[in-house]
Amino acid sequence: MKIAHIIPTYNEKENIAKMIDIINSITERHSTWTSDIIVVDDYSPDGTSSIVKKLQKKYKNVFLLSKKKEGLGKALIKGYDYAVKTLHADVVIPNDADFQWNPEDFPKLIERIENGFDVVVASRHVKGGKVIGWNWFRNLNHNVSNTLLAWWVAGVHEVKDHAGNFKAIRVKGVLDKVRLQNMKNAGFSFQLHILYELSKTGARFYEVPVTFKEREYGKSKIGFNKYYLRDIVEYIKSSLLIRYDRSRVFSKYFLVGAVGFILQTLISKLIITGRINPGLAVAIGAEGAIISNFTLNNYWTFSHKKINGIRLLSKFLQFNLASAGAILIQGFAVGTGTYVYGNQTWFIFMVLSIVLLVIPYSYFIYNNFIWKSPKNK
Ligand code: GDD
Ligand code: MN
């Protein structure tokens with residue numbers, strides 16, 4: 001397995017050599033792994049890059065990308081891109097240079113990749129994970145971005161820790177499907193954005209509990225400084241864009257449903273005018289709508305999680321079952337409604353049950369069962 005470690009650096013002269021040594025010594029213990037180490041440095045004034053250049057004489061697997069100071073996001077985009085397009089890595093592992101995420105945990109991430117997961121995130125928010133030493137300000141910042149924005153506003157539910165850098169990502173069929181060149185994040189909103197882009201590839205996510213500790217050497221670059229406002233505004237913007245992108249899925253789903261409804265009505269009408277039993281006619285119409293809904297949703301609404309091949313059959317059966325559920329819901333709602341308010345109210349109750357019950361019900365089932373992103377839980 002060809003692994004590319006990506007380390008963004010800005011003034012990390014106390015840390016970078018030790019980081020490279022540790023990654024290389026861990027790799028040596030695993031005969032089936034090779035490691036490249038990409039350092040993305042923004043011309044650190046402290047001379048981080050000259051330390052890296054010295055190490056390049058000792059290690060042939062160290063790559064230095066130097067660029068102007070643009071923020072963590074831009075540095076990571078450049079590093080990911082280099083790992084995928086130039087080094088043709090199988091797995092990329094970004095990490096900070098400062099040992100807040102313990103680099104010795106990286107084999108635990110790889111292990112899950114070897115088990116078949118595609119994006120394995122080092123996490124502070126699953127059982128066994130923790131943070132040591134954050135003050136109230138750092139905590140508040142993290143809760144606003146991680147819980148309020150990433151989880152609630154953006155609606156990224158594949159993982160619980162959206163903010164960290166340390167993770168392992170499979171390239172083939174996953175990261176190579178993400179259009180990195182279209183990502184414009186300058187700051188830490190990159191972390192949320194990349195998780196979202198990865199989720200759209202249908203990747204399987206896993207969170208490994210780890211401890212996030214304090215920095216021993218050097219200073220943190222993220223926090224209340226001149227980039228703070230820019231980064232927060234970008235984070236809010238990113239969260240809203242993700243929410244908007246997700247709502248496009250809902251709009252397509254809604255349109256597909258409307259087409260299905262019209263189709264069902266048309267087919268039923270056509271058949272009823274022929275000499276067929278009206279009950280049978282409506283049933284045929286319903287199956288027509290089901291086929292249309294399933295096909296349009298698979299190739300349009302949920303095209304990013306398209307079902308292919310032999311699974312189409314079992315999923316189509318599941319879809320029929322879900323649709324039967326929708327019919328039962330409507331039957332029950334119209335039945336009870338007309339029982340209380342009289343038969344002439346059937347149409348109101350049908351529309352109400354579709355809008356209030358069937359649309360949310362089907363959307364939930366499609367997202368979580370039919371076109372679900374596979375997860376570990
Ligand atoms: N090239 C480059 N350019 N590297 C940068 C820049 C930049 O503008 N800003 C920060 N870095 C590097 C740092 O040198 C370090 O290796 C890493 O990115 C993380 O920066 P820290 O200064 O240590 O920030 P932190 O401890 O607050 O980072 C935490 O929050 C980030 C955002 O949520 C960690 O959880 C990170 O993993 C996380 O990405
Ligand atoms: Mn740090």
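These are my notebook entries on a predicted model of one protein chain with its ligands.

**Entry 1: domains**

I began with the overall layout. How is the protein chain divided into domains? The assignment gives domain 1 as residues 2-223 and domain 2 as residues 247-370. I then looked up the spacing of the two. The C-alpha centres of domain 1 and domain 2 are 44 Å apart.

**Entry 2: the UniProt record**

Next I checked the record. An unreviewed UniProt entry lists residues 6-139 as "domain: Glycosyltransferase 2-like". I looked at the make-up of that span. Residues 6-139 are 39% helix and 21% strand. The C-alpha atoms at the two ends of the span lie 26 Å apart.

**Entry 3: the manganese ion**

I turned to ligand 2, the manganese ion. Which residues coordinate the manganese ion? I found Asp98, through OD, and Gln100, through OE1. The distances run from 1.9 to 2.0 Å.

I also asked whether these two residues are buried or exposed. Asp98 has a relative accessible area of 5%. Gln100 has 14%. The cut-off for buried is under 20%, so Asp98 counts as buried and Gln100 does too.

**Entry 4: ligand 1**

I moved on to ligand 1. How many residues are around ligand 1? There are 27. Those that come nearest are Glu12, Lys69, Asp98, Gln100 and Lys221. Here I met Asp98 and Gln100 again, as they also coordinate the manganese ion.

Then I looked up some polar contacts made by oxygen atoms of ligand 1.

- In the side chain of Trp101, an N or O atom is 2.8 Å from a ligand oxygen.
- For Leu72, a polar backbone atom is 3.4 Å from a ligand oxygen.
- For Ser220, a side-chain N or O atom is 3.4 Å from a ligand oxygen.

How much of ligand 1 does the protein bury? Taken alone, ligand 1 exposes 740 Å². The protein buries 98% of that area.

I also noted which elements supply the shell around ligand 1. Strand β1 (2-9) and helix α3 (72-86) each give two or more residues.

**Entry 5: Gly279**

Last, I picked out a single glycine. Where is Gly279? Gly279 sits in helix α8, which covers residues 278-301. Its relative accessibility is 47%. Partly exposed covers values between 20% and 50%, so Gly279 is partly exposed.

I compared the position of Gly279 with that of Ser50. In sequence, the two are 229 residues apart. In space, their C-alpha atoms are 80 Å apart.

Note on methods
Residues are numbered from 1 along each chain as its sequence is written. Chains are lettered from A and ligands numbered from 1 in the order in which they are written. This is a predicted model: local features need pLDDT of at least 70, side-chain atom pairs count only at pLDDT 80 or more; totals for chains, interfaces and linings use all residues. Side-chain values use heavy atoms; hydrogens and water are left out. Domain bounds come from an automatic or database domain assignment. Donors are N, O and S atoms within 2.8 Å of the metal (3.2 Å for Na, K and Ca); water is not among the atoms, so sites may look incomplete. Buried means under 20% relative accessible area, exposed over 50%, partly exposed in between (1.4 Å probe, protein chains only). Helices (H or I, at least four residues) and strands (E, at least two) are DSSP runs, numbered from the N terminus. UniProt positions are given in the numbering used here, feature names are shortened, and annotations may be inferred rather than shown by experiment. A residue is near a molecule or strand if one of its heavy atoms lies within 4 Å of it. A polar contact is a pair of N or O atoms within 3.5 Å; within protein, one must be able to donate a hydrogen and the other to accept it, and residues adjacent in sequence count only if both atoms are side-chain atoms. Accessible areas come from the Shrake-Rupley method with a 1.4 Å probe; for residues, only the protein chains shown count as cover.
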